[in-house]
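Good morning, everyone, and thank you for coming. I would like to take you slowly through one structure today, so please have a look at it before I go on.

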Amino acid sequence: MIMHSKKIHVMPLNRVEGDLEIHFEIENGMVSEVRSAGTMYRGFENLLKGRAPLDGLVITPRICGICSTSHLKAAVKALDMIAGVNVPDDAVRVRNLTLMAEQLQNDLRHTFLLFTPDFTSPAYREHSLFEEAVKRYRPLQGETVVTTIRETKKILEIIAILGGQWPHSSFMVPGGVVSVPGQNDISQCRSLLANFRHWYERRVLGCTLARWSEVKTPEDLDLWLHEKRAHQESDLGFFIRFSREAQLHQLGNGHQNFISFGAYEMPLETSVKPPSDELYLFPAGFFENGLMSPFDQEKITEDVTFSHFKSHGDPRHPFEETTVIETPHINNDAYSWGKAPRYDGHPAETGPLAELVMASDPLIKALLKKDGPNVLLRQLARLIRPTFLLPAMDCFLKETGVGNEIFYRKNKQQESGRGFGLVQAHRGALGHWVTLQDGKIAQYQVITPTTWNASPRDGKGIRGPWEEALVGTLIKNPEHPVEIEHTIRSFDPCMVCCVHAVVGHGKGPTAKIFC
Amino acid sequence: MSMTLYWIQGGGCGGDTWSFLSAESPDVTELFDILSIEVLWHPSLSALDLKSKEQLDRRILEDEVPLDILCVEGSVIQGPSGTGLADTILGKPKKDLISALTAKARHVIAVGTCASFGGFGTDSETEATGLQFHKHDLGGFLGKRYKSKSGGPVINLPGCPCHSDVLAGTLSALANDLPLELNETNSPLDWYRIMVHQGCTRNEYHEYRVEEKQFGEKGCLFFYMGCQGPLVKGPCNKILWNRRSSKTRVGVPCFGCTHPDFPQRYPFFKTRNIEGIPIELPAGVSRAHYMAYKSMAAAAAPKRLIKRKSGI
């Protein structure tokens, strides 16, 4: 006889940027319902209203301590658009280089400080690689943790050289960047990059970037893994071996929709050859049913059917959207303080996996076809994203300041106007929509990557990406629901970025989603 | 003798944690090792499961586990309407846990401007405040009379973010039982009696009043571009950021992020001034003398500075 049991659990998650609680129901050992709750409200958008146009360059980086340069870039792109200024090539390079350095830091810190510590959970006591995992990933002491802290802070020195400090600088301004790096500054950045690359190749990949670039199919990946001890024992090799035994490739499927706003604009003249696009290193696009379509920001809407916000009827574009809080009891269906961003009416997952899908990376696409999106694949995409960034950074550094050395182009500050700044932040698609009126910020809307990934249901009842990824998950031991932790952390959630998250007065599991 | 450390995050961005990871010689793992500090809990770095974390909290509050150093990052969120429900943990206001922990801690450190003075959210519906200051005013969340078990007030380490050396140095002093002399806002004098401006490589331009009105130039940013370096205390140009540079050195004005009023209401990239002289002058400076000094300085400016030939 099958025992029918249903139990509600509430689990706070740490090692996500900020505070998150997952409310889930387990029925017959399987997650049958889920709500994710951001438990902090910071109100950054409201802080910006009425302030001077450039103040967003100081305030929005402070939304997030691990991706402040991403917010700076989104903020400055919106202001570039309002000013109607073309950013000179060297400034494009400096903006890209600094964001890339921050991304290298993020991808490795997320993987080894936030994600793999779950491998040391008591849930894995029986895993054949448990002891080795503890040796590598024990908080503040594991071998990989220690070297990750050491190496990631060094790559951030590039941002300090080019932009003054990390985190929370404001060196990007409409028309370019404020700094004028000299030849020695660039040389120092090149040395820092070379050292980081050396560590990444030796410790994380276990091989050169050139050898890794030959891995184009799942069969190539197996060949690579079995080729050498260095590959098996690198952190990438270890991650794959551990994850396969733990069957993380069968965990956290979700929708098969992806969105990317496009990452890293190419300067007009550069030797960097993007894999599949002229404009971006990782192209913009929307991916659905195995097909990619061109991206158009006009198709973004915010749905509030299941959110505690006043509805205007049909979902609106962020420029048109207003945020009017509605008392929870007015709409009994609403369970979320978060809006549901949709692209052409669809939910979409965003992050490194989305970027590599859009770039048609053969290995990632083949693995996606085989198993669908999953925890292993999301984390693999994050771990190998540096293989694309490192060579591009090397080229940009060689080219910076070589031509006419223009890092800033004068422009007139507009009193009124509107613009948007879209970037790929480290966890995915980030947009700032800015309206200026009479020399002040009239409206500031931010949609963060986590808003996409943690979206609640929309008017059609379709779940957001990580809700969908969690439903149906088998939980082996409800005392240590490591499956939930893996799935959520594979999206690299950034709760501090969820700027208009408001806590709900939750009733049991029908509590609150955020953003 | 080893010490225990517990880190809690309130209304913040996590930036003080990530900034702390830039500590060098020793780095954070070496620092904890050298000082024999046992990290009981850090929200971004620990891997305790829920049950163990709850047990840890209970044992600290019941005096079974000593709490030597409590680091608080981010503001204390008291809103909306005094409920604290804009920042909760398992449905309860996080401010209650902060309050309970501060009652047990031997030393309390406010890491960053939000924890020190309230920072972002002090004027919003989140009703954010600092641990023992609300902007300039002593009091804040814990009140004027609060003393940690060591008998001292909350040690404020402002900065957005707090510089890693400042926190590392403060932890070293506490672990070695050395006295920390504090200024009027309870920040250690070692780092908070120097002006941000000291050590800026644009100082020669400043001396001769070679002032910029647009971005991307080498001169001083104080008169027109909103730089608060001569007005605000902080070690940015003494110990540098990420061991390399500072905002003012590369041409970003100082936004006064260590100041109790940060983020100020006035525009960040514009200096408020009267007839070309900033309204706010360095503390203790007479306006008449300053105007005379600056006009003479401008007259004495050498051509190499006027033509921006001098390096920065």
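Let me begin inside chain B, where, in this predicted model, 17 residues of domain 1 are in contact with 11 residues of domain 2. On the side of domain 1 of chain B that touches domain 2, the elements giving two or more residues are helix H5 (113-117) and helix H6 (164-175) of chain B, and the residues of that side divide into seven nonpolar, seven polar and three charged. As for where these domains run, the assignment for chain B places domain 1 at 3-191 and domain 2 at 194-312, and their C-alpha centres lie 32 Å apart.

Now let us turn to the contact between the chains, which takes 54 residues from chain B and 61 residues from chain A. On the chain B side, helix H1 (15-20), helix H2 (28-34), strand E5 (88-89) and helix H10 (247-250) each give two or more residues, and the largest share, four residues, comes from H1(B). Sorted by class, that side of chain B has 26 nonpolar, 19 polar and nine charged residues.

Finally, the interior. The largest nonpolar core has 211 residues, and among those with the most contacts inside it are Leu97(A), Ile158(A) and Val72(B). Helix H4 (residues 89-115) of chain A gives the most to this core, with 13 residues, while domain 1 and domain 2 of chain B each supply at least three. If you look at Val72(B), leaving aside residues up to four places away in sequence, you will find that it touches eight residues, including Ile8(B), Val108(B) and Leu131(B).

How values were computed:
Residues numbered from 1 in each chain as written. Chains lettered and ligands numbered in written order. Predicted model: local features only at pLDDT ≥ 70, side-chain atom pairs only at ≥ 80, totals over all residues. Core = buried A, V, L, I, M, F, W, Y, C linked by C-beta atoms within 7 Å. Buried ≥ 20, exposed ≤ 12 C-beta atoms within 10 Å, placed from the backbone. Domains from an automatic or database assignment. Contact = placed C-beta atoms within 7 Å. Nonpolar A, V, L, I, M, F, W, Y, C, P; charged D, E, K, R; others polar.
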